[in-house]
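Hi there,

Here is the structure I promised to pass along. Please have it open while you read the notes underneath.

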Amino acid sequence: MTPFGNIGFFIIIGILLLPTIILGLRGKSAKGYNIFISIIVLAIIFGHSLNGSVSLILFTLFQLVLIIAYQKYRLQKNSTSVFVIAVLLSILPLVLVKVLPILGLKNLFGFLGVSYITFKAIQMILETRDGLIKDKISAVELAYFLLFFPTVSSGPIDRWRRFSKDMHTVPSGQDYQKLLLSGINYIFVGFLYKFILAYLIYNYTLMYLPNHTYNYLTPFQGQLAYMYMYSFYLFFDFAGYSAFAVGVSRIMGIQTPINFNRPFTSRNIKDFWNRWHMSLSFWFRDYVYMRFVLWMTKKKWIKNKYAVSYLGFFLLFFLMGIWHGLEWHYVVYGLYHALLIISFDKFERWNKKHKLWPKNKWTHAIGVFITFNAVCFGFYIFSGTLF
C-alpha cells in the first residue's frame with residue numbers, strides 16, 4: 001500500500017492513531033505506542049512484497065550497525081579515513097540502487113524510501129564526526145528515527161537532534177491540542193493539493209498535453225501549456241504528500257519541518273531553493289555545499305572564493321540531479337539550476353556595485369515573474385519532455 005495514496009491508508013492510520021490522540025490530550029507520553037504503530041504501518045506499506053520487506057530489514061540493520069559502530073569509534077578516535085569509509089559505506093546501497101538497473105543487474109535495496117533513509121543515516125555519521133551528536137542512542141530510537149513512517153517514503157528529511165527533542169518531550173494536554181489541530185489542518189491542505197488540485201490538473205490538462213490538443217493549440221502552445229501545467233501538478237502533488245507527512249507527524253507529537261513555503265512567489269532563484277523541497281535543499285546545502293567549500297578553502301587549491309563557491313554549486317546540483325536518476329534530463333536539470341544560481345550570484349554582486357536594480361515592489365514583481373518562468377522551464381527539463 002502506497003503511503004497517503006488512497007482513502008484506505010488514511011482510515012487505517014486514523015484508527016491506529018486514536019490511542020495516540022487520547023494519550024496526547026491527557027498529557028501522557030505516546031512514544032512507546034507510536035513506535036509500535038510505526039512497525040504496523042511499515043508492515044502494511046512493505047508487507048505486500050517479500051523482497052521489499054527483506055531489503056528494508058537488511059538495509060536498516062546495515063545502517064544501524066554502521067552508525068552505532070562509528071559512534072563508539074568516535075568516542076575514542078577521529079580518523080578522517082575511517083570517517084570517509086563510514087560515509088561511503090552508508091551511501092553505497094543508494095549508489096547501487098541507481099547504478100545496478102542500468103547495468104541490467106538485480107537491485108537488492110530498491111525499496112520505497114531508500115533515499116530518504118540514507119540521507120538520515122549519512123547525517124547521523126556527519127554530525128557524529130562534528131561532535132554534534134555525543135549522547136548514546138538506543139538502537140530502537142535510532143530505528144524509529146530512520147523509519148518514521150509518515151516521512152519514510154518521500155520525506156521531509158528530519159534532523160536527529162530536532163527529532164530526538166520532540167521524541168523525548170511530553171507536551172501538556174493543551175499544547176498537544178494545538179499540535180493535533182495543526183496536524184489536522186495540514187492533512188486537509190494535503191487533500192486539497194493532492195486529491196483535488198493535482199488530480200484535476202493531471203486528468204483535465206496533462207492527459208492531453210503536449211501533443212493531444214485536438215488542434216486547439218499549436219505544437220508550441222501545447223509544449224508551453226505542458227510546461228506550466230506540469231510545474232503546478234508537480235508542486236500540488238508533492239506538496240500535498242508533504243502536508244500529509246507533516247500533519248500525521250504532528251498528531252504523533254513530532255514537528256517534522258515543512259517542505260514547501262509558497263515557492264512560486266520566490267523573488268529570485270536563491271529564494272526559490274529556500275522555499276522548494278526545503279528539507280532536501282537544506283540537506284544538500286549543509287552536508288555537500290558547505291563541506292565542499294570549507295574543505296577547498298582549507299586545502300587552498302583554489303584561492304578565488306567565488307570560484308570555489310561556484311564549483312560547490314555545480315557539485316551540489318549535479319548530485320541533486322543524478323539523485324533523481326541517471327537519465328540525461330535529470331543531469332541537465334541539475335546543471336541548469338547550478339547555472340541559474342551562479343548567474344544570479346554574479347548579477348547580485350554586480351548590482352551591489354552599480355546599483356542599477358533597486359529594491360521596490362516593481363522590481364520584486366518582475367523578479368517573481370522571471371523566477372517563476374525560469375523554474376517552470378527547469379521542471380520542463382525535469383519532465384523529460386524536452387529530450
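Below is what turned up, in two parts: a cavity and a pair of packed helices.

Please keep in mind that this is a predicted model.

Let's begin with the cavity. How many cavities of 30 Å³ or more does a search of the whole structure find? The answer is 1, and its volume comes to about 190 Å³. The lining is made up of 18 residues, and those closest to the centre of the cavity are Ala30, Lys31, Asn34, Thr169 and Met252. If you want to find the place by secondary structure, look at helix 2 (18-25), helix 3 (31-46) and helix 8 (160-167), since each of these supplies at least two lining residues. In character the lining is mixed, with 9 nonpolar, 6 polar and 3 charged residues.

Helix 8 also brings us to the second part. Helix 7 (residues 139-146) packs against helix 8 at an angle of about 115°, and their axes are 11 Å apart. Because of that angle, helix 7 counts as roughly perpendicular to helix 8. The crossing of the two is right-handed.

Which residues make the contact? From helix 7 they are Glu141, Leu142, Tyr144 and Phe145, while helix 8 contributes Trp160, Phe163 and Met167. Sorted by class, this contact has 6 nonpolar residues, 1 charged residue and no polar ones.

So helix 8 is a good place to start looking: it supplies residues to the lining of the cavity and packs with helix 7.

Happy browsing, and best wishes!

Terms used
Residues numbered from 1 in each chain as written. Predicted model: local features only at pLDDT ≥ 70, side-chain atom pairs only at ≥ 80, totals over all residues. Heavy atoms only, no water. 1 Å grid on protein atoms, 1.4 Å probe; cavity = no way out; pocket = protein on both sides within 12 Å on 5 of 7 lines; lining within 4 Å. Points joined across faces, edges and corners; volume = space filled by probe spheres on them. Helix = DSSP H or I, 4+ residues; strand = E, 2+ residues; numbered from the N terminus. Nonpolar A, V, L, I, M, F, W, Y, C, P; charged D, E, K, R; others polar. Axes fitted to C-alpha atoms, helices over the stretch in contact; angles between N-to-C directions. Parallel < 35°, antiparallel > 145°, perpendicular 65-115°, else oblique. Left-handed = near helix turned anticlockwise from the far one by under 90°. Contact = heavy atoms within 4.5 Å.
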